[in-house]
Amino acid sequence: MVDRQNRLPPVPAPENASDDTAIRLKLLIAAAADETARQLLAILAQNGFAPEAVCIQTLPELEQALPGNHWDLVLASHPPTQLDLFAALRIVREQAPELPFIIIAEQIEETLALAAMRAGANDFIETRHDLKRLIPTIQRELLAAEARRQRQQAREVAKQAMEAQLLAVSRFRRLAEAIPECVWVFDLDTWRMSFVSTAYERIWGRRVQDLLDDRKDWLRHIHPDDQARMKHARDTAKQGGLDEEFRVIRPDGGIRWLHLSTFPIHDTSNRMQSIGGVASDITGFIEQRNELRAALAEQRHRAEVQRLILDALPADIALLDGAGRIIETNASWENSVTQKGMSQYAIGADYLDTCEQLAQRQQGEKQRDLEEMVAAIRGLLAGGYETVGRIYPSKVDGQQRWFRNTVAPLHTQEKRGAVVMHVEITETMLAEQRLLELSHYDSLTMLPNRLLFRDRLATALTMARRNRSNLAVCFIDLDRFKGINESLGHQIGDLLLLEVASRIKDCVRDSDTVSRFGGDEFALILPELAEQQDSAQVAERIIESLSAPYSIEGHDLFVTASIGITLFPNDSDDPDVLQRNADTAMYRAKEAGRNNFQFFTAEMNANAMEMMKLERDLRYALDNEEFLLYYQPKVSCRTGRIVGFEALLRWQHPLRGMVSPLEFIPLLEETGLIVPVGAWVLHTASAQARTWQEAGLGKLNIAVNVSGKQVGQHLCATVREALAASGLPAEHLELELTESQLMKDAEGIISTLRQLKATGVSISVDDFGTGYSSLAYLKRFPLDTLKIDRAFVRDLAADANDVSIAKAIITLAHSFNLKVVAEGVETEDQLSLLIANQCDIIQGYYFSKPLPTTEATAMLQQSRCLPAHLLCQQALSAV
Ligand SMILES: Nc1nc2c(ncn2[C@@H]2O[C@@H]3COP(=O)(O)O[C@H]4[C@@H](O)[C@H](n5cnc6c(=O)[nH]c(N)nc65)O[C@@H]4COP(=O)(O)O[C@H]3[C@H]2O)c(=O)[nH]1
């Protein structure tokens with residue numbers, strides 16, 4: 001076409017065509033000659049047009065010219081040249097239906113004109129007599145064409161919009177059907193459902209068509225409990241925006257939870273055209289939510305209950321984190337912290353640190369306890385599972401109270417921690433104590449019962465085994481108790497038992513166990529017996545004490561006791577066997593006539609009987625003046641003269657004759673008779689010495705043996721009394737205590753010795769060399785004399801070692817400014833050696849055995865001395 005246009009150049013525009021006001025007109029002229037075209041263009045130009053024309057002459061040229069060029073008008077001359085008018089019309093109508101097609105002919109037949117009009121020509125102008133119509137026709141057709149074009153455009157736009165809308169609706173439907181929710185559209189114009197997705201059938205279990213037919217169908221199946229709310233919601237949310245949860249009942253009765261939200265749908269002019277709705281089946285979600293809510297509520301409830309329990313517990317409770325810090329406390333703990341202002345126990349405080357500091361402030365066992373506890377808590381916080389705790393007493397407002405502090409693990413899957421419980425257990429402790437008392441003590445006498453006795457016996461036996469000491473178990477049964485109880489009643493019986501219990505307790509040491517087994521049965525554990533026979537002494541004391549009259553509620557009562565004694569380790573080391581033995585022995589005592597004691601073994605019985613007899617005899621001896629004193633002279637190694645005597649006790653037994661003190665002194669000591677007998681000796685010896693002095697037999701010293709049992713028993717007072725009674729100056733009285741006695745209780749005896757020294761008497765250590773004295777004590781004891789034990793003197797002449805010992809003792813004594821007495825000197829050799837080694841005084845059979853008073857007096861009167869040649873020896877060795 002371009003070529004064609006180029007070949008057929010546009011018809012030149014008339015002169016006025018360049019006028020700016022001219023209407024531009026693009027013309028397609030189908031004419032046989034250019035002349036016709038020029039004429040037409042000229043007319044147009046003359047009538048206010050600025051035509052721009054292309055002239056075509058064939059159909060192909062027309063077909064090529066039409067597309068793409070926006071022609072305003074086709075003017076076709078008739079008769080055309082080679083161009084078929086009707087073919088041209090058909091082409092134009094096909095390709096540009098709105099393009100005005102005007103036929104220009106000098107004259108046109110009416111039939112042709114009509115046919116052309118039917119074929120699509122818009123008009124025809126007969127140039128011969130109708131040319132003046134050309135311009136108005138062109139104008140009219142141009143306007144008509146423009147109107148047609150606009151209509152066509154409008155139709156196109158409407159069509160496209162429709163298509164877009166249809167597309168959108170289809171997409172919407174596809175989407176709506178694809179999602180599990182039920183989507184519906186309610187048309188406000190028709191007041192009907194215009195769309196309901198098939199999910200409605202799935203969710204409601206109802207037919208979509210029913211809802212389309214009846215817009216209220218969905219409401220009909222709402223759960224009765226939700227009906228009113230949903231209707232109200234629907235009415236109040238007409239503009240859309242409904243957002244509700246509700247239940248629907250399906251045809252099978254099943255209930256589904258739905259969530260419905262609605263939204264307005266506006267048309268292009270923003271008019272609300274319909275309401276859209278989306279209903280989702282949230283049954284699963286609701287169930288989950290309900291479960292979750294229930295779980296949360298349960299959790300909250302549990303937490304609340306736990307809190308209430310924590311607060312209600314009668315204990316101070318705190319929770320610790322893994323580092324030992326307090327992270328939670330109960331009301332009781334908080335009260336304690338606030339009341340006592342103890343910020344170190346408040347939330348956030350470091351509990352471990354507080355305990356550590358507390359431990360540092362303590363001492364001894366308490367400190368160890370706390371340190372152990374801190375270490376245990378550390379272990380626990382490091383993942384341990386061992387509960388730790390301690391019970392500790394504390395004084396609150398002057399009252400003794402007990403507390404238990406417990407730390408238990410509280411590890412969860414994620415975190416470690418611990419719970420601290422602090423609780424007062426005073427009542428429990430007291431109750432336990434009470435229970436212990438009830439279960440272990442006799443309710444009448446509050447003495448240990450059989451159960452506790454058994455425990456104590458086991459413990460005492462363990463100790464006795466360890467210490468290799470003797471122990472006695474005694475069973476005591478009252479002899480006439482039953483009769484008293486029956487005749488005078490239980491009340492009197494009980495009072496009598498109380499008195500019996502008290503008397504028994506008075507007869508034993510605090511460390512002994514007195515137990516009541518029930519009725520009139522008592523039992524004893526006597527541990528740490530120095531001698532097995534000591535148990536007989538105790539039994540004797542008890543028998544004597546119990547047999548004294550009782551005055552109870554106006555009744556003078558008499559009871560006696562039978563006692564059975566068994567001994568550990570002699571009889572058995574089994575607690576049960578020992579109890580059986582004691583019982584057996586007790587029955588023997590009953591059989592033997594009551595009011596006596598019996599040992600389990602015959603041998604012990606014989607010994608005991610012997611001892612008892614001896615004791616009775618000793619008491620009798622004291623009362624009947626069967627004791628007397630012998631005196632053994634002490635002789636000076638320097639002068640050879642008698643410088644004093646040692647008073648030695650003798651017992652003039654009516655049947656046995658003279659009894660050695662070695663036989664009866666231990667019994668005097670055991671029975672305590674040594675105290676009165678010792679006092680008698682002190683008085684008698686002092687008086688005798690004074691008699692000799694007054695008789696002018698010299699300023700003699702008198703030495704008296706003092707037993708350890710006398711020390712502390714008013715010994716000082718007795719000494720003073722003896723001195724005062726006799727008139728003997730204190731410096732002439734010498735008290736002899738054995739080395740072993742002194743060392744037995746060295747610390748305790750020092751003060752007694754000092755008191756004795758203060759009276760002016762001298763103190764001598766007897767049997768020196770056998771008692772393992774320590775030099776430190778020798779220095780501290782206020783001593784005057786050491787007596788070398790007989791054992792060292794005996795072998796002096798034969799054993800060089802004994803010479804060395806004697807020598808050493810003498811040197812030692814002299815270095816302490818003490819005098820030395822050698823006892824047991826029997827031979828001249830012994831004497832010579834002692835004299836040669838600077839011994840001060842000798843005593844022994846060599847010079848004289850212990851003598852009765854008359855003989856001692858005679859010896860004094862004879863002024864007996866040591867042989868002079870021996871004394872010369874001393875003088876020589878001294879040179
Ligand atoms: N073999 C031998 N023996 C000699 C010799 N010279 C003296 N004796 C004996 O040795 C004992 C010395 O008394 P003792 O060591 O105090 O030992 C005394 C003393 O410990 C204790 N005793 C004696 N009288 C009393 C007293 O009145 N009160 C206290 N508590 N004990 C006394 O009895 C112990 C024994 O006294 P006795 O039998 O009188 O025995 C005396 C005496 O007879 C000797 O050359 N050779």
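This passage describes the nonpolar cores, the ligand surroundings, one buried valine and a set of paired strands in a predicted model.

We may begin with the interior. The largest nonpolar core comprises 70 residues, and those with the most contacts inside it are Ala647, Val704, Val820, Leu834 and Ile842. The element that gives the most to this core is helix 24, spanning residues 674-694, with seven residues. Val704 offers a handy view of the packing: once its neighbours within four places in sequence are set aside, Val704 is in contact with Ala647, Val681, Leu682, Ala685, Leu733, Leu735 and Glu736. Ala647 thus appears both among the core residues with the most contacts and among the partners of Val704. A second core, separate from the largest one, holds 47 residues, including Leu497, Val514, Val559 and Phe597.

Attention can now turn to the ligand. The ligand is surrounded by 22 residues, of which Leu648, Leu649, Asn705, Gly844 and Tyr845 come nearest. Two or more residues of this shell come from each of strand 24 (642-653), helix 23 (661-671) and helix 24. Helix 23 provides the largest share, three residues. Helix 24 therefore has a place in two parts of this account, as it gives the most residues to the largest core and also contributes to the shell around the ligand. Sorted by class, the shell contains 10 nonpolar, seven polar and five charged residues.Val635 is a residue worth a closer look. It is located in strand 23, which covers residues 627-636. Is Val635 buried or exposed? Val635 counts as buried because it has 24 C-beta neighbours inside 10 Å, where 20 or more are required. Leaving out residues up to four places away in sequence, Val635 touches Gly640, Arg641, Ile642, Val643, Ile841, Ile842, Phe847 and Leu866. One of these partners, Ile842, is also among the residues with the most contacts inside the largest core. Val635 and Asp840 are 205 residues apart along the chain, and their C-alpha atoms are separated by 8.6 Å.

Finally, strands 13, 14 and 15 can be followed in order. Strand 13 (residues 388-396) and strand 14 (residues 399-409) run antiparallel and are joined by nine bridges. Within this pair, Pro393 stands opposite Trp402 of strand 14. The hairpin formed by strand 13 and strand 14 has two residues between the strands, and Asp397 takes a positive phi near 50° there. Strand 14 is also joined to strand 15 (residues 418-424), by seven bridges and again in an antiparallel arrangement. Here Val407 has Val420 in strand 15 as its bridge partner.

Notes
Residues numbered from 1 in each chain as written. Predicted model: local features only at pLDDT ≥ 70, side-chain atom pairs only at ≥ 80, totals over all residues. Core = buried A, V, L, I, M, F, W, Y, C linked by C-beta atoms within 7 Å. Buried ≥ 20, exposed ≤ 12 C-beta atoms within 10 Å, placed from the backbone. Helix = DSSP H or I, 4+ residues; strand = E, 2+ residues; numbered from the N terminus. Contact = placed C-beta atoms within 7 Å. Near = placed C-beta within 6 Å. Nonpolar A, V, L, I, M, F, W, Y, C, P; charged D, E, K, R; others polar. Pairing = 2+ DSSP bridges.
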